[in-house]
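Dear colleague,

I am handing over a structure that you have not worked with before, and I would be glad if you read the notes below with it open beside you. They begin with the whole protein and then move to particular strands and residues.

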Amino acid sequence: MRTSRAEPALVALLWLLGGGTAGAAEPRNVRVALQFESRSSNRVTAADPAGRVIATRRGVRGRGGLTVEDSRTRVRQTTSLFVVVQDGGEGRLLVATAVPYPQVALFYDYATAHGYVATGIQWEQVGTSLVVRPSILPDGTIRVRLTPHVTYLTATGGGEVEFAEASSDLRVPAGTPVALGGADQQLNTLTRQILGERASQAADQLTLTLVATVQ
């Protein structure tokens, strides 16, 4: 009995049509997290002399003392937001439900200058979020696209704006924290008294970090 050479190809074709998925993988999910870390430190050093003079019939006598202070305080606070998105999909991270009025005016000026909203709309309340679009690359790294998204309320209604020009494209190793930005603030004060002095140093640091992992 002879076997036709076309039979193996026919069997493979029927297997694929019947639901075979050789080499095909199920879609994977990507967990994208934003970590806000705030660090503050405060140091106070002081030398405060104190004394008094007592005068009596027998004479004058005095008493004195010195108070020395050296204290340090350190505070660390971490807040994390995360969203799980399918590879190639889209998710959203809510950053704030209301922002200060100067920032509202900044968003308004930027949007009207680029023709996003009609002139004359006054923003009263703004919700800011980041639209997250992750993609897993063949080498195992993750490409993350972040786009600011703003929703606003007015006396006559509301709307939403997505700032495509302000998007950021990041290529990050899976599970490795990547710093997106931050802010540093320092304050030094020195108070001089008649006798003694008091000095204080304060420092605040805010760091924004992104971590993307495959699940």
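Accessible areas here come from the Shrake-Rupley method with a 1.4 Å probe. On that footing, the accessible surface of the protein comes to about 15100 Å², and 53% of this surface belongs to carbon and sulfur atoms. Please keep in mind throughout that this is a predicted model.

As for the overall make-up, the protein has two helices and nine strands, and their order along the sequence follows the pattern α-β-β-β-α-β-β-β-β-β-β. The protein has 215 residues, of which 21% are buried. If one takes the contacts between residues at least 6 apart in sequence, 66% of them join residues that are at least 24 apart.

Much of what I looked at concerns strand S5, which spans residues 142–154, and its pairings with other strands. With S4, S5 runs antiparallel, and 12 bridges join the two; one pair across these strands is Val131 with its bridge partner Thr147 in S5. The hairpin that S4 and S5 form has five residues between the strands, and within this hairpin Gly140 takes a positive phi near 95 degrees.

S5 is also joined to strand S6, residues 157–162, by six bridges, again in an antiparallel arrangement. Here Thr151 has Glu160 in S6 as its bridge partner, and the hairpin made by S5 and S6 has two residues between the strands. A further antiparallel pairing, over five bridges, links S5 with strand S7, which covers residues 168–172, and in this pairing Arg143 stands opposite Arg171 in S7.

One residue that I followed more closely is Ser129, which lies in strand S4, residues 125–136. Is Ser129 buried or exposed? Its relative accessible area is 8%, and because the cut-off for a buried residue is under 20%, Ser129 counts as buried. Leaving aside residues up to four places away in sequence, Ser129 touches Arg92, Leu93, Leu94 and Val95, and also Thr147, Pro148 and His149. Thr147 therefore appears twice in these notes, since this residue is touched by Ser129 and is also, within S5, the bridge partner of Val131, while S5 itself is the strand that 12 bridges join to S4.

With best wishes

Key: Residues numbered from 1 in each chain as written. Predicted model: local features only at pLDDT ≥ 70, side-chain atom pairs only at ≥ 80, totals over all residues. Heavy atoms only, no water. Helix = DSSP H or I, 4+ residues; strand = E, 2+ residues; numbered from the N terminus. Buried < 20%, exposed > 50% of the residue type's maximum accessible area, 1.4 Å probe, protein only. Contact = heavy atoms within 4.5 Å. Pairing = 2+ DSSP bridges.
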